[in-house]
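Hi,

Here is the structure I said I would pass on. Have a look at it first, and my notes follow underneath.

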Amino acid sequence: MSEHGGDGSALDGDLRLSACERCPALVESRSRIVDGVGPTDAELLFVGEGPGATEDEEGEPFVGRSGDVLDEALRDAGLGRADVRITNCVRCRPPDNRDPTTEELANCRGHLECEVDRLDPALIVTLGKVPSEHLLDRSVAITSESGGVVDARLAGESRRVLLSVHPAATLYDRSQRDGFFETIAQAAELSGVGSREGDGGDGQSRLGEF
């Protein structure tokens, strides 16, 4: 199908998905489709697992407590939400916040690849085990592999991917916090986005250095 080809046919100009009925359990569970947020030409893309209850309610990825941690780490790295794009492997909330199934991930893969292809980011950051394994197509020991940079094939192109623990991990295990913040700072540096290097805060002047 064309919408799996990364040609943008599934997503509109704002990288939004108007309708999808592929996953019956998710259609039943969701109150809305939760699309990615942020610039449609962002150099830095964060990919999470899927919407939770708060995300489903507000229609935006990574809000609530885990979103607060991500926002804090972004600020610490000289970034704001307006500087980056944030999306998920699946765009609809799984029932009871369970992990998305292999089939559900596959059903939504074309939408994610289309978003990546159109966005063409300098760096993708996977937030947690599920998106890391989904993009790399292998088992990932995320706690030990967090901070690692690898290449993954997405939409027919090699993409640079930085692995990270999920921000919620810092809420359950405070020892994860420093590492998470360091990984987000690493993401800002690798992608060339951020205001730490005296770029006037526009987040763009260092993009050519990547």
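How much area does the protein chain expose, and what share of it do carbon and sulfur atoms supply? The protein chain exposes about 9400 Å², and carbon and sulfur atoms supply 42% of that. Please keep in mind that this is a predicted model.

**The overall layout**

The protein chain has 210 residues, and 51% of them are buried. Its secondary structure comes to eight helices and five strands. If you walk along the sequence, you meet them in the pattern α-β-α-α-β-α-β-α-α-β-β-α-α. I also looked at contacts between residues at least 6 apart in sequence: 69% of these join residues at least 24 apart.

**Helix α3**

This helix covers residues 65-76. Its end C-alpha atoms are 17 Å apart, which agrees with the 16 Å that twelve residues should span at 1.5 Å a residue. The buried residues in α3 are S66, G67, V69, L70, A73 and L74. They cover an arc of only 160 degrees around the axis, which means that they sit on the same side of α3. In general, an α-helix has 3.6 residues a turn, so residues three or four places apart point the same way.

What do the buried residues of α3 pack against? The list is β1 (44-48), α2 (53-58), β2 (85-88), β3 (123-127), α7 (169-172) and α8 (177-191). On the face turned away from the buried side, α3 carries the exposed residues R65 and R75. Just after the helix comes G78, with a positive phi of about 80 degrees.

**Helix α4**

Next is α4, which has 18 residues (102-119). From its first C-alpha to its last it reaches 25 Å, close to the 26 Å expected at 1.5 Å a residue. Where does α4 bend? The bend is at C108, and it is about 40 degrees. C108 itself is buried, with a relative accessible area of 10%. As for the helix as a whole, 13 of its 18 residues are buried, so α4 is largely enclosed by the rest of the structure. D120, just after α4, takes a positive phi of about 55 degrees.

**Helix α5**

The story for α5 (residues 129-136) is one of burial too: six of its eight residues are buried, so the rest of the structure largely encloses it. Those buried residues are V130, P131, S132, H134, L135 and L136. They pack against β1, α4, β3, α6, β4 and β5. After α5 comes D137, whose phi is positive, near 60 degrees.

**The cysteines**

How many disulfides are there? The count comes to zero. C20 is in no disulfide, because a pair has to have its sulfur atoms within 2.5 Å, and the nearest cysteine sulfur to C20, that of C23, is 6.3 Å away. C108, the residue at the bend in α4, is in no disulfide either: its nearest cysteine sulfur is that of C20, 6.3 Å away. C20 counts as buried, at 16% relative accessibility.

**A few single residues to look at**

- D96 is in the loop between β2 and α4. Its phi is positive, about 55 degrees, although D96 is not a glycine. At 74% relative accessibility, D96 counts as exposed.
- A155 is in the loop between β4 (149-154) and β5 (157-164). Its phi is near 50 degrees, a positive value in a residue other than glycine. With a relative accessible area of 22%, A155 is partly exposed.
- S144 belongs to helix α6 (residues 142-145). Is S144 buried or exposed? S144 is exposed, with a relative accessible area of 62%. Its C-alpha atom is separated by 9.9 Å from that of L163, and the two residues are 19 residues apart along the chain.

If you want a place to start, try α3: find the buried residues, including V69 and L70, then turn the helix round to R65 and R75 on the face away from them. After that, follow α4 to its bend at C108.

Best wishes

Key: Residues are numbered from 1 along each chain as its sequence is written. This is a predicted model: local features need pLDDT of at least 70, side-chain atom pairs count only at pLDDT 80 or more; totals for chains, interfaces and linings use all residues. Side-chain values use heavy atoms; hydrogens and water are left out. Buried means under 20% relative accessible area, exposed over 50%, partly exposed in between (1.4 Å probe, protein chains only). Helices (H or I, at least four residues) and strands (E, at least two) are DSSP runs, numbered from the N terminus. The expected span of a helix is 1.5 Å times one less than its number of residues. The arc is that of the directions from the helix axis to the C-beta atoms. Contact means heavy atoms within 4.5 Å. The bend at a residue is the angle between axes fitted to the seven residues ending there and the seven starting there. Accessible areas come from the Shrake-Rupley method with a 1.4 Å probe; for residues, only the protein chains shown count as cover.
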